[in-house]
Amino acid sequence: MATTLGVGSLLLGTALVAGPAATAAPPVTTVAAAPAATAGVAPLAAGPRTALVNAWYSNYLLRWAPEDPGSRYWVERLRTVPPAQVLTELLATDEYVTQQIAGYYDRYLGRAPDAGAQHWVRGVRGGSFPLEWVEQNVLASPEHVARAGEVGGPPAVVRDYYATILQRTELRSGEEGYWVGRLAGTSPLQVVREIWYSSEAVNRRVDQHYDSALGRGPSAGERGYWYGQEVASDITTSIRIASSPEAVAYASTYYGYAG
């Protein structure tokens with residue numbers, strides 16, 4: 001049953017399809033090769049914990065950890081707490097959640113969040129629903145649908161969803177007509193979720209997590225390993241990949257600056 005959150009007419013939908021339970025440690029152990037040395041560039045100088053926090057700040061908070069004295073808190077947490085737990089805590093902060101939701105409003109609605117957006121922030125921070133549900137609901141909101149379809153109607157909305165979720169603008173034969181029909185017969189939220197959890201979209205998000213945290217794409221076996229886990233939870237998959245031993249090694253190689 002859908003639950004109204006009071007933010008315009010955005011709806012929080014039904015439970016996501018659960019993926020298979022994790023069975024073993026993530027198969028991300030290969031260390032990426034370091035780039036060739038560049039003349040005039042100072043050597044990297046930070047330890048692995050600092051480098052990992054540097055990478056997380058850059059990839060998730062979109063700012064430099066050495067410029068934030070508070071980043072030392074996370075470095076010290078890594079002395080006694082597993083990386084996955086530390087990153088989970090970092091991504092539950094008000095800064096990260098608020099930044100992500102503000103980004104959805106800016107990209108999809110073309111405006112800053114209103115006071116009602118705090119329902120989303122509180123819900124995510126309190127564990128009531130994940131960030132990906134917020135993004136899906138903003139994409140499916142009447143405001144975004146009207147904006148996307150202002151010129152071109154339902155076909156334009158479908159093309160917008162493809163560009164946003166699948167990151168491609170060329171639709172294959174029959175795709176546009178199929179999804180226009182789904183929009184007419186179901187709801188924008190249902191269409192968003194069907195595209196969101198398609199194999200193409202799921203694999204694309206796994207690829208993005210690998211590129212961001214490891215600087216490479218996954219093998220076919222790795223992509224298959226993460227597929228069900230990505231369906232179940234995008235942020236958990238991202239956290240596990242970005243806190244894996246390979247991610248620590250990659251961060252030490254590429255984010256090991258001391259400030």
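**Exercise 1.** In this predicted model, find how many residues line the largest pocket and which of them lie nearest its centre.

*Solution.* Begin with the lining as a whole, which in the largest pocket is made up of 29 residues, and then look towards the centre, where Tyr96, Gln100, Gln208, His209 and Asp234 are the residues that lie nearest. The space that belongs to this largest pocket has a volume of about 840 Å³.

**Exercise 2.** Work out which helix gives the largest share of the lining of the largest pocket, and how the lining residues divide by character.

*Solution.* First, list the helices that each supply at least two residues of the lining, namely helix 1 (48-61), helix 4 (94-109), helix 6 (131-140), helix 8 (153-166), helix 11 (199-214) and helix 13 (234-242). Next, pick out helix 4, from which the largest share comes, with 7 residues. Finally, sort the lining residues by character, which gives 13 nonpolar, 10 polar and 6 charged.

**Exercise 3.** Describe how helix 9 and helix 10 are placed relative to each other, and name the residues that make their contact.

*Solution.* Two packed helices are described by the angle between their axes and by the distance between those axes. For helix 9 (residues 175-185) and helix 10 (residues 188-196), the axes come within 8 Å and cross at roughly 140°. The two helices are therefore oblique to each other, and helix 9 passes helix 10 in a right-handed crossing. On the side of helix 9 the contact is made by Tyr178, Trp179, Arg182 and Leu183, while helix 10 contributes Pro188, Gln190, Val191, Glu194 and Ile195. Sorted by character, these contact residues comprise 6 nonpolar, 1 polar and 2 charged.

Note on methods. Residues are numbered from 1 along each chain as its sequence is written. This is a predicted model: local features need pLDDT of at least 70, side-chain atom pairs count only at pLDDT 80 or more; totals for chains, interfaces and linings use all residues. Side-chain values use heavy atoms; hydrogens and water are left out. Axes are lines fitted to C-alpha atoms, for helices over the stretch in contact, and angles run from 0 to 180 degrees between N-to-C directions. Helices (H or I, at least four residues) and strands (E, at least two) are DSSP runs, numbered from the N terminus. Angles under 35 degrees count as roughly parallel, over 145 as roughly antiparallel, 65 to 115 as roughly perpendicular and the rest as oblique. A crossing is left-handed if the near helix is turned anticlockwise from the far one by less than a right angle, and right-handed if clockwise. Contact means heavy atoms within 4.5 Å. Ala, Val, Leu, Ile, Met, Phe, Trp, Tyr, Cys and Pro count as nonpolar, Asp, Glu, Lys and Arg as charged, and the others, Gly among them, as polar. On a 1 Å grid over the protein atoms alone, a cavity is a set of points where a 1.4 Å probe fits but cannot get out, and a pocket is an open set with protein on both sides within 12 Å along at least five of seven lines; lining residues have an atom within 4 Å of a point. Grid points are joined across faces, edges and corners, and a volume is the space filled by probe spheres set on the points.
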